[in-house]
Amino acid sequence: MKKNITINLCGRLFNIDEDAYELLRNYIDTLRNYFARQEGGNEIADDLEERIAELLDELKSQGVEAINIDHVKEVIRRVGQPEEMETASPDTASPDPSEGRGATNAAFVAGEGNQGGEGAQGSGAQGGEGNQNGEGAQNEEKGRRGSFDDFFDQLGTYLREFFREYRFYRNPKDKMLAGVISGLASTFEVEATQLRLAVVAVVVALSLLGSMFGSHHWLVLFNFNVCLVFALIYAILAFIMPVAETPEQQLKMQGKPVNMQNLAEEVVQNVSEKVDKVKRSSGSKSILNSILKFFAFCFKAIMVLLALALFFGGVALLLMAVFAIYSPDTMSQFFAWNMEPILGVHLRLFVAFLVALLATLLIPAYAIIQHLVRPLKVGQRLLLLLVWIVALATAIVTGAMLDQVNTKYWYEQRESENVSMNEETVTDEGVTMKLWEKDFLATHGWTILKGEGCNDRFTARGEYYMDGRSQTRYLDCYDDHHRQIYRAEKGESLMPGRYKLTCAVRANGRGAFAYTLIDGQKTLQEIPVTGNLGGGIWKEAIDSLERVNPIQNEDEKLRRMPELNFYKALARANNGNGYGWTRLTFSPIIVTKPHTIVNYGVTTDPDFTGQSWLGQWFSACDFLIEREE
């Protein structure tokens, strides 16, 4: 059973099979495309189409109810191929242009005559003589040329023939993703499955080599940089190579000459493949094709997600650009740039960067979505690719320029801040210190009441008691000659109740104290002499980990994981040796009156402690007052 359709050809109606219609349509399109380049080509094509209609009308008068593909092949044989018509035209041409056109048309329509054949034979004879003379001249010429000239001549001939006969198309009949590998397989006359497996093998081999000799460990199976490069190459080929949609393009993809016989075979094959595809749709598929189709589906899903991500990224970029105008400080957090000098001095450069970055994001998103809906033409793809490359280059260049502007501004700001913050200032208590250190102490509520012999340094960092916190600053004082008289104090207002104060301290000599001061009554605790190794805090963390390690219950370990991580950070300090920190506790602290000021701090002042300072340095941090239950 075949599907028939009704067509209107030169004002005449014909019933024709679907496959016969495809062949006839391609034949007429080929004729019109062939003669479109010639003067009067449209008239020639119209006459040929009229002749085809007459031949089909003859079949209809003979009682043929539906034109099939054999009838169309016979009509094509009687009318002739464009190349044959052009060969016969010189013998029937006349000097007068108008007469020549009519004679040519008559020769095309009466393609069954013998005059053209005889003329062709005469021409062939003359051509044979010319060829013999030409071959003799060529032999003499080859005798004079060297082997390198012969090689390059043969190479040039091969390349010209290759690019003339072969066209690179994507094969829509046998595709897993976009039909690129299948199209290349058809072009180079190899099996598509074998080429796919070869590509996969090459990717895996290069990934292994990249993992072995690259920055990755050799046991890592895939170097994803290699996979990304191959995916990018495949995407570019899919973007540039057109789809072989028509029988003519499919013949070019296979390297076959485009003539009526091959077109007829291709049309019949397409129709047969459509029928077979419908029959196979309900049957089982091979395991390899199922796997490849699964990966193809996953790839398409990833591409859709990528397109959506790029699209929403472009929308977010537009919103950020609007916010940058009204709130430069907020946008500085997104761009990691100081937007004030950029918007004030380099606004045009910033706009160019935003437009280029927006195009870089949206063009791939548009290309992916458009390819899934309706593929673009080759010219459109190349134009989009060129615009995207220009946009990407512009974004990189303008972004680098803006980064230089930001770096220069940040450097100038830092230099000016360093100059101002390194200026010395005198506190209300008469202590001289750097402005930045005064700001740090004031921010955390500390006041330096005494600072004699401290070498103008009242804080330090780098030996905090917890691993990973090397930038944490703490109270610290150092002098080789034991001359420092140091007192740092902080106060808090408390309501009536029972409290305790904890702090972390260390020292390398006697005479340093932590203290509390409430209504003139002081409480002193001497800082243990531990130096900068070990310490009570570090030892407690080691003991806690040893108690936890014997636990075999996984649920218990999971429940105590935050606690374990805290102990591990304490135990790893100073490469597992500790920095000498010990915790002191003042308890109980009894407050009886509302808004009682409780002062606390550290000191080496002998007038306050009653004991001389015998060490070189001490440190203190993390003072915390808590209510006791």
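A residue counts as buried when its relative accessible area is under 20%, as exposed when that area is over 50%, and as partly exposed in between. The model shown in every view below is predicted.

**Figure 1. Overview of the chain.** The chain contains 23 helices and 14 strands. Of its 629 residues, 34% are buried. Among contacts in the chain with a separation of 6 or more, 67% join residues 24 or more positions apart.

**Figure 2. The largest nonpolar core, with 33 residues.** The residues with the most contacts inside this core are Ile448, Phe458, Leu475, Tyr486, Val602, Phe618 and Phe623. Two or more residues are given to the core by each of the strands β7 (473-478), β8 (485-494), β9 (497-507), β10 (513-518), β12 (582-591), β13 (596-603) and β14 (617-627). The greatest contribution is that of β9, which supplies five residues. A separate core of 24 residues lies apart from this one, and its members include Leu23, Leu31, Val72 and Val79. In soluble globular proteins, nonpolar side chains tend to be buried together.

**Figure 3. The surroundings of Val602.** When neighbours within four places in sequence are left aside, Val602 is in contact with Leu475, Tyr486, Arg487, Ala488, Phe513, Ala514, Tyr515, Ile527, Phe618, Ala620 and Phe623. Val602 is also one of the residues with the most contacts inside the largest nonpolar core, a list that includes Leu475, Tyr486, Phe618 and Phe623.

**Figure 4. Cys454 and Cys477, two cysteines outside any disulfide.** The count of disulfides in the model is zero. For Cys454, the nearest cysteine sulfur belongs to Cys477 and is 3.2 Å away. Cys477 likewise is in no disulfide, and the nearest cysteine sulfur to it is that of Cys454, at 3.2 Å. A disulfide requires the two sulfur atoms to lie within 2.5 Å, so the pair is not counted as one. Cys454 has 2% relative accessibility and therefore counts as buried. Cys477 counts as buried because its relative accessibility is 0%.

**Figure 5. The cis peptide bond between Ser587 and Pro588.** Omega for the bond from Ser587 to Pro588 is near -5°, which makes the bond cis. Pro588 belongs to strand β12. Most residues other than glycine have a negative phi, and most peptide bonds are trans.

**Figure 6. Positive phi at Asn455 and His595.** Asn455, a residue other than glycine, has a positive phi near 60°. Its place is in the loop between β5 (447-452) and β6 (459-461). Asn455 counts as partly exposed because its relative accessibility is 49%, which falls between the limits of 20% and 50%. His595 also has a positive phi without being glycine, with a value near 55°. The loop between β12 and β13 holds His595. The relative accessibility of His595 is 57%, so this residue counts as exposed.

**Figure 7. Helix α8, a mostly covered helix.** Helix α8 spans residues 180-187, and seven of its eight residues are buried. The buried residues are Val180, Ile181, Ser182, Gly183, Ala185, Ser186 and Thr187. Just after α8, Glu189 adopts a positive phi of about 60°.

**Figure 8. Packing of helix α21.** In α21, which covers residues 561-571, Leu564, Tyr567, Ala569, Leu570 and Ala571 are buried. The helices against which the buried residues of α21 pack are α19 (536-548), α20 (554-559) and α22 (573-576). Leu570 reappears in Figure 9, as part of the lining of the largest cavity.

**Figure 9. The largest cavity and its lining.** One cavity of 30 Å³ or more is found in a search of the whole structure. The largest cavity holds about 40 Å³ of space. Its lining consists of Tyr465, Gly534, Ile537, Trp538, Leu570, Ala573, Gly578, Tyr579, Gly580 and Trp581. By class, seven of these lining residues are nonpolar, three are polar and none is charged.

**Figure 10. Lys434 and Arg457.** The C-alpha atoms of Lys434 and Arg457 are 8.2 Å apart in space, and the two residues are 23 residues apart in sequence. Lys434 is part of strand β4, which runs over residues 432-434. With 26% relative accessibility, Lys434 counts as partly exposed.

Conventions: Residues numbered from 1 in each chain as written. Predicted model: local features only at pLDDT ≥ 70, side-chain atom pairs only at ≥ 80, totals over all residues. Heavy atoms only, no water. 1 Å grid on protein atoms, 1.4 Å probe; cavity = no way out; pocket = protein on both sides within 12 Å on 5 of 7 lines; lining within 4 Å. Points joined across faces, edges and corners; volume = space filled by probe spheres on them. Nonpolar A, V, L, I, M, F, W, Y, C, P; charged D, E, K, R; others polar. Core = buried A, V, L, I, M, F, W, Y, C linked by side-chain atoms within 4.5 Å. Buried < 20%, exposed > 50% of the residue type's maximum accessible area, 1.4 Å probe, protein only. Helix = DSSP H or I, 4+ residues; strand = E, 2+ residues; numbered from the N terminus. Contact = heavy atoms within 4.5 Å.
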